[in-house]
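Thanks for making time this morning. Please bring up the model on your own screens, and I will talk through a hairpin, one acidic residue and some of the aromatic rings.

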Amino acid sequence: MKKKICIYLFNGFSDWEIAYLTPEIKKNETFELVYFSKDGKPIVSMGGLRISQDSSLAAINTDAIEMLILPGGLAWETNENDVIDAFIKNLFEKEKTIAAICAATAYLAKKGFLDTLKHTSNDLNYLKRIAPHYLGEQHYVNALAVTDENLITANGIAPIEFARDIFKKVKLDNENAIEKWFQLFKNGIWKE
């Protein structure tokens with residue numbers, strides 16, 4: 001049975017933030033990539049892509065998930081994605097990996113999930129402004145992407161670093177192959 005990596009999509013999600021990681025996961029035979037939204041209805045990304053999902057929030061079994069990926073988008077800042085609160089809490093309690101980029105990190109900060117784990121975001125002051133009850137300042141790392149236990153966070157300008165950390169966490173390939181991929185997409189360097 002393939003390991004499920006789920007991606008939560010919503011109207012206005014930042015499509016480019018997952019564009020590097022999805023093709024690599026999709027072509028790997030170990031994983032099943034599952035796209036879902038709150039109600040399973042089609043959504044439109046920030047870039048105008050009209051997307052039909054594989055599933056809805058209610059149909060996703062948290063026990064069957066290897067990882068949940070949360071792309072950014074303004075809906076996280078305006079509490080439009082709060083419908084996913086219990087789902088996220090359940091995943092954290094089950095120690096499932098959650099990967100969040102850009103504004104999705106602010107959502108995790110608002111809900112207290114960044115209070116005890118190393119993490120990053122667009123900026124520390126951004127987190128403090130969007131999440132006034134955020135208590136994780138001492139765990140904030142000024143880096144493009146950070147992995148701590150079952151949490152991966154990334155700055156919105158770091159979709160390639162985000163992808164690399166996800167690949168490492170799920171062991172998509174060996175370290176050398178992942179680094180080779182990273183050098184190609186980040187720096188335009190290809191070494192045989």
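Which residue takes a positive phi in the hairpin of β8 and β9? In that hairpin, which has two residues between the strands, the residue is Glu149, with a phi near 50°.

Before I go on, this is a predicted model, in which local features need pLDDT of at least 70 and side-chain atom pairs count only at pLDDT 80 or more, while totals for chains, interfaces and linings use all residues. Residues are numbered from 1 along each chain as its sequence is written, and side-chain values use heavy atoms, with hydrogens and water left out.

Staying with the hairpin, strands β8 (residues 145–148) and β9 (residues 151–154) run antiparallel and are joined by four bridges, where strands count as paired if DSSP finds at least two bridges between them. Helices (H or I, at least four residues) and strands (E, at least two) are DSSP runs, numbered from the N terminus. Within this pairing, Thr147 has Ile152 of β9 as its bridge partner.

Thr147 also leads us to Asp165, which is found in helix α5 (residues 159–170). The side chains of Asp165 and Thr147 make a polar contact at 3.1 Å, meaning a pair of N or O atoms within 3.5 Å, where within protein one must be able to donate a hydrogen and the other to accept it, and residues adjacent in sequence count only if both atoms are side-chain atoms. Leaving aside residues up to four places away in sequence, Asp165 touches Ala145, Val146, Thr147 and Ile152, with contact meaning heavy atoms within 4.5 Å. Asp165 counts as buried because its relative accessibility is 12%, the classes being buried under 20% relative accessible area, exposed over 50% and partly exposed in between (1.4 Å probe, protein chains only).

Now the rings. A search of the whole structure finds 11 aromatic pairs, where rings of Phe, Tyr and Trp (its six-membered ring) pair if their centres lie within 6.5 Å, and planes under 30 degrees apart count as stacked, over 60 as edge-to-face and the rest as tilted. One of them is Trp76 with Tyr107, whose centres are 4.8 Å apart and whose planes meet at 45°, so this pair is tilted. Trp76 and Tyr107 are 31 residues apart, and both are buried. Phe167 and Trp181, by contrast, form an edge-to-face pair, 4.9 Å centre to centre with 75° between the planes.
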